[in-house]
Amino acid sequence: MSDRFSFARLLAVVIKELRQLRRDRLTYGMIIGIPTLQLILFGYAINMDVRHLPAAVVDQAQTQTSRQVVEELQQSRVFNFNRALHHAGTGEAMLRRGEVKAVLIIPADFERRLQGQRPPLQLIVDGSDQVVQQAARQIAQFPLRGTTTTASVEVLPYYNPHRNAPLNTVPGLIGVILTMTMVMFTAIALVREREQGNLEFLITTPLSSAELTLGKVLPFVAIGLIQTSLVLLLGKWIFQVPVRGSPLELYLAALLFIIASLALGIFISTLVRSQFQAIQAAIFTFLPQILLSGFMFPYEGMPKAAQWIAEVLPLTHFIRLARGIMLRGAGLDDLWPELLALAVFAAALLVVAVARVHKRLD
Amino acid sequence: MSTDNAIETHDLTRRFGDFTAVDHLNLSVPRGQVYGFLGPNGCGKSTTIRMLCGLLLPSEGDIRVLDLDIPKQAEALKRRAGYMTQTFSLYRDLTVRENLEFVARLFGLSRQRTRQRVEELCHRYQLEALASQLAGTLSGGQKQRLALATAVLNQPELLFLDEPTSAVDPQSRRDFWDELFALTDAGTTLLVSTHYMDEAERCHQLAILQRGRLMAQGSPERLKADVGATPLLVVTAAPRKAQTVLQALDGVRSCAQIGASLRVLVTSPDQLPAVRDALRKEGIEGKVDITDVNLEDVFVAATHGHTEGAS
């Protein structure tokens, strides 16, 4: 590569890439379709307004007031207390078998508790089900007449003591969608040049590997930013997910994350021989990111080894940035270590990836 | 090395693991001519072309192309040489014009020059009506014209063509060769690989390759004169039986049925009576005569003994 880097040739590749993209209906659809579909699926799965969940009630007080409370809770139509039991143990067994989603326990000292500090009601819910947790949280706000306690219902989420706030999902979802689409699109796009024989011709032109690679991924940077905006807008519009911090900083984080993901895609493309292998390899990098980044399971709950792995995954850092900026209103002055990690990752992968793109056939 | 030659190689060798694809090849390709690589599939034609372009590194040997040291000066060669790949290597989801524009940009042509050159090439290679059509929807002959147009877009001094007519009908092939000669008229050197005898016949110079080795090199006329074998034409009612008999006969290098006759390659014209005797002895009636040498005889004579010896 004796020639200097040429922006004219880079531009030639970008123009070609955009022209091809315009005709590629499937990719086109995926750019818009994947974020929309995922946001709606994940969003509604969490925010779904549940009704008539099967529930049991263990009324150990058996007073006028306790019967009235059950009646009022029933009216909220979230839970359907159609099973009256005598022992809390029976309720727990039913919960375990999945016959009911929640068990309401009214202790024998219910009347006394109404005047005291301890919550007068206890709702045991199936914590393995996010929808139920959400519903239970509504019940927890239920106003009880004649009580002095602020928390009227004590919610005990079984099976999942670490509750996921629903808002946590959308910031993380930006990262998940970007990982999924950016890595796969780039890997496929570059392998396709080789698979369809285009590379053999390109090598005989003055085009350098850096110009080719950058030219091919630049349009995806724009696409990544469009996807980010799409998720943010839909998130705000449908689920009222706020951006409490600076949008500019959020986009900066997204940009770095996009570059890191594209570099990973380029790297994959240098290892595989066909588009099919590229997809497989992309999924291979995608799964640990989704599982370990804190998107699905809380980072704090993972064993040490998993935490170490999580630290070297770009998605982990991006999710922390996105949640911090969007939900806690944090700025980069707080979060700069995460941004730095992302920048280092992007730069290192980009260097390795471009160096691996050969300009010969052997 | 002489500057009269566009390409010179010395002991050019390429190995893939234990397999030697190109074996100590010494070539001299004169400027301004059509030079043909003739050989069966897997004989090292494509590997040699790729090494000459600088796409593959040689395991051993020296290459000089247009007075450039290859692979060291391969980048400089890219501006002066064109390459038409064996399989269609342009973008199927771009139109004819978009493909040409893309390549023009890669070579750094100005906007105005690009427009002018694309017009020119579309006109010369009858692509005007197809300019807005996606390359993937073109016929074999049309794709090949587009590939040639992009290969010559930068007006190369040297053009490599790797089996350019393998997916094309006979009429398109003839037209295509007319275009190639038009290029040599303008001073371009062409290196064409093929396994068609009629195409090889059109070349100014030929190299016959087998198993990576150069078996013969020269003009078709020269190669025919130096063939070192005599073709006989046997016209008989029982060609298949005659073939069995003759293949067992000493001095017979090859025996191929062509319609109702047999083409027999013998080591010398003195073999004629022996062939007639052998047929008569088996009761096969037929007419045996010496015939003109064709390029297939040259190819068979150059490669046949080695095929048997090696397998």
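Leaving aside neighbours within four places in sequence, with which residues is Leu158(B) in contact? In this predicted model, the residues touching Leu158(B) are Ile7(B), Val65(B), Leu66(B), Arg80(B), Ala81(B), Gly82(B), Thr188(B) and Thr189(B). Leu158(B) belongs to strand β8 of chain B, which covers residues 158-162. Because its relative accessibility is 0%, and buried means under 20%, Leu158(B) counts as buried. Thr184(B) stands 26 residues away from Leu158(B) along the chain, and the C-alpha atoms of these two residues are separated by 9.6 Å.

The overall make-up of chain A was examined next. Chain A contains 14 helices and five strands. It comprises 362 residues, of which 52% count as buried. The contacts within chain A were also considered by their separation in sequence. Where the two residues in contact are at least 6 apart in sequence, 78% of the contacts join residues at least 24 apart. The area exposed by chain A is about 17,000 Å², and 62% of this area is supplied by carbon and sulfur atoms.

Attention then turns to the interface of chain A and chain B. The contact takes 28 residues from chain A and 28 residues from chain B. Between them, the two chains bury about 2,800 Å², with carbon and sulfur atoms accounting for 56% of that area. Three residues, Arg23(A), Phe201(A) and Thr204(A), supply 22% of the area that chain A buries against chain B, which is more than any other three residues.

Polar and charged pairings also occur across this interface. Five salt bridges are found between chain A and chain B. A salt bridge joins Glu200(A) to Arg50(B), and the closest N and O atoms of this pair lie 2.9 Å apart. In addition, 10 residue pairs, both members at pLDDT 80 or more, are in polar contact between chain A and chain B.

On the side of chain A that touches chain B, helices α1 (7-23) and α8 (198-202) each supply at least two residues. The greatest share of this side comes from α1(A), which gives nine residues. Classified by residue type, the side of chain A that touches chain B holds 11 charged, 10 nonpolar and seven polar residues.

How values were computed
Residues are numbered from 1 along each chain as its sequence is written. Chains are lettered from A and ligands numbered from 1 in the order in which they are written. This is a predicted model: local features need pLDDT of at least 70, side-chain atom pairs count only at pLDDT 80 or more; totals for chains, interfaces and linings use all residues. Side-chain values use heavy atoms; hydrogens and water are left out. Helices (H or I, at least four residues) and strands (E, at least two) are DSSP runs, numbered from the N terminus. Buried means under 20% relative accessible area, exposed over 50%, partly exposed in between (1.4 Å probe, protein chains only). Contact means heavy atoms within 4.5 Å. Accessible areas come from the Shrake-Rupley method with a 1.4 Å probe; for residues, only the protein chains shown count as cover. Buried area is the accessible area (1.4 Å probe) that two parts lose on being put together, summed over both. A salt bridge is a side-chain nitrogen of Lys or Arg within 4 Å of a carboxyl oxygen of Asp or Glu. A polar contact is a pair of N or O atoms within 3.5 Å; within protein, one must be able to donate a hydrogen and the other to accept it, and residues adjacent in sequence count only if both atoms are side-chain atoms. Ala, Val, Leu, Ile, Met, Phe, Trp, Tyr, Cys and Pro count as nonpolar, Asp, Glu, Lys and Arg as charged, and the others, Gly among them, as polar.
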